[in-house]
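Let us work through a structure together, taking one feature at a time, with the general idea placed before the particular case.

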Amino acid sequence: MHDPMTHRPIPPEPLPEYKTGRLPSTAPLAVPFVPFQGPNPPQYSPEEALTRGTLFPGLDLPFKNTVNQTNPLIGTALGELKALEMAVMDLHLFLDTHPHDREATRIFGHYCKLLETSKRHYVAKFGPLTLADSVEDGVYTWLQDPWPWDYQERMI
């Protein structure tokens with residue numbers, strides 16, 4: 001396109017900042033929405049929570065209405081650990097906003113004890129999960145074979 005008076009080309013208008021991948025300095029922040037949870041909300045079992053992605057059915061908002069119903073770790077020692085870790089973490093987050101919920105505090109303590117016991121059993125049977133588990137009788141065991149991915153039976 002040319003300027004009719006000077007017959008010089010008219011430079012194209014610059015693209016708006018949002019079309020170039022840059023946000024303007026005055027761009028509004030996103031406003032997330034999380035449903036409010038009252039005291040003592042219903043809960044999934046730890047195994048179901050691991051599959052669903054939350055311990056609390058009230059927060060179970062599947063992405064694009066697709067419900068995750070498969071979990072290859074269910075029924076395995078590693079699956080039990082992951083499920084208990086998920087339950088402990090979700091209850092921890094719940095208690096951050098509901099510190100006086102006695103029932104949630106009781107369940108949190110119960111799951112913490114179960115998790116600690118399960119970790120001890122897992123480490124005794126399959127080897128260290130973390131670096132903190134890698135010293136046994138004064139010997140550093142982290143690099144000892146077999147590694148967890150060396151064969152699948154170790155996780156079952």
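**Reading the model feature by feature**

A: To begin with charge, the protein, which is a predicted model, carries 13 positive and 19 negative side chains, and the centres of these two sets are 5 Å apart.

Q: Which secondary structure elements does the protein contain, and what pattern do they follow along the sequence?

A: A useful habit is to count the elements before reading their order. Here the protein has 3 helices and 2 strands, and, read along the sequence, they are arranged as α-α-α-β-β.

Q: How should I read the radius of gyration of the protein against that of a compact globule of 156 residues?

A: The idea is to set the value of the model beside the value given by a rule for a globule with that number of residues. For a compact globule of 156 residues the radius of gyration would be near 15 Å, whereas the protein has 26 Å. The C-alpha trace can be read alongside this, since along its principal axes the protein spans about 90 × 45 × 30 Å.

Q: What share of the residues counts as buried, and what supplies the exposed surface?

A: Burial is judged by relative accessible area, with under 20% as the limit. By that criterion 25% of the 156 residues count as buried, while the protein exposes about 12,000 Å², of which carbon and sulfur atoms supply 60%. As for contacts with a separation of 6 or more, 49% of them are between residues 24 or more positions apart.

Q: Which residues touch the most other members of the largest nonpolar core, and which helix gives the most to this core?

A: In soluble globular proteins, nonpolar side chains tend to be buried together. In this model the largest nonpolar core has 19 residues, and Leu55, Leu91 and Tyr111 touch the most other members. Helices α2 (77–97) and α3 (102–126) each supply at least two residues of this core, with α2 giving the most, namely 9 residues. Leaving aside residues up to four places away in sequence, Tyr111 touches Pro46, Leu84, Ala87, Val88 and Leu91.

Q: Is Gln37 buried or exposed, and which residues does Gln37 touch?

A: The general approach is to compare the relative accessible area with the cut-off and then to list the contacts. Gln37 has a relative accessible area of 14% and therefore counts as buried, the limit being under 20%. Gln37 belongs to the segment before α1 (46–52), and, not counting residues up to four places away in sequence, it touches Phe56, Leu59, Phe94 and His98.

Q: What is the phi of His7, and what is the phi of Asn65?

A: For such residues one can read the backbone angle together with the place in the chain and the exposure. His7, although not a glycine, has a positive phi of about 60 degrees; His7 lies in the segment before α1 and counts as exposed at 60% relative accessibility. Asn65, also not a glycine, has a positive phi of about 55 degrees; Asn65 sits in the loop between α1 and α2 and, at 73% relative accessibility, counts as exposed.

Q: What separates the C-alpha atoms of Ala77 and Lys119?

A: Here one reads the separation along the chain beside the separation in space. Ala77 and Lys119 are 42 residues apart along the chain, and their C-alpha atoms are separated by 9.3 Å. Ala77 lies in helix α2 and is partly exposed, with a relative accessible area of 24%.

Definitions and conventions: Residues numbered from 1 in each chain as written. Predicted model: local features only at pLDDT ≥ 70, side-chain atom pairs only at ≥ 80, totals over all residues. Heavy atoms only, no water. Core = buried A, V, L, I, M, F, W, Y, C linked by side-chain atoms within 4.5 Å. Buried < 20%, exposed > 50% of the residue type's maximum accessible area, 1.4 Å probe, protein only. Helix = DSSP H or I, 4+ residues; strand = E, 2+ residues; numbered from the N terminus. Contact = heavy atoms within 4.5 Å. Rg over C-alpha atoms; globule rule 2.2 N^0.38 Å. Areas by Shrake-Rupley, 256 points an atom, 1.4 Å probe, with all protein chains shown as cover. Lys, Arg positive; Asp, Glu negative; His and termini not counted. Charge placed at Lys NZ, Arg CZ, Asp CG, Glu CD.
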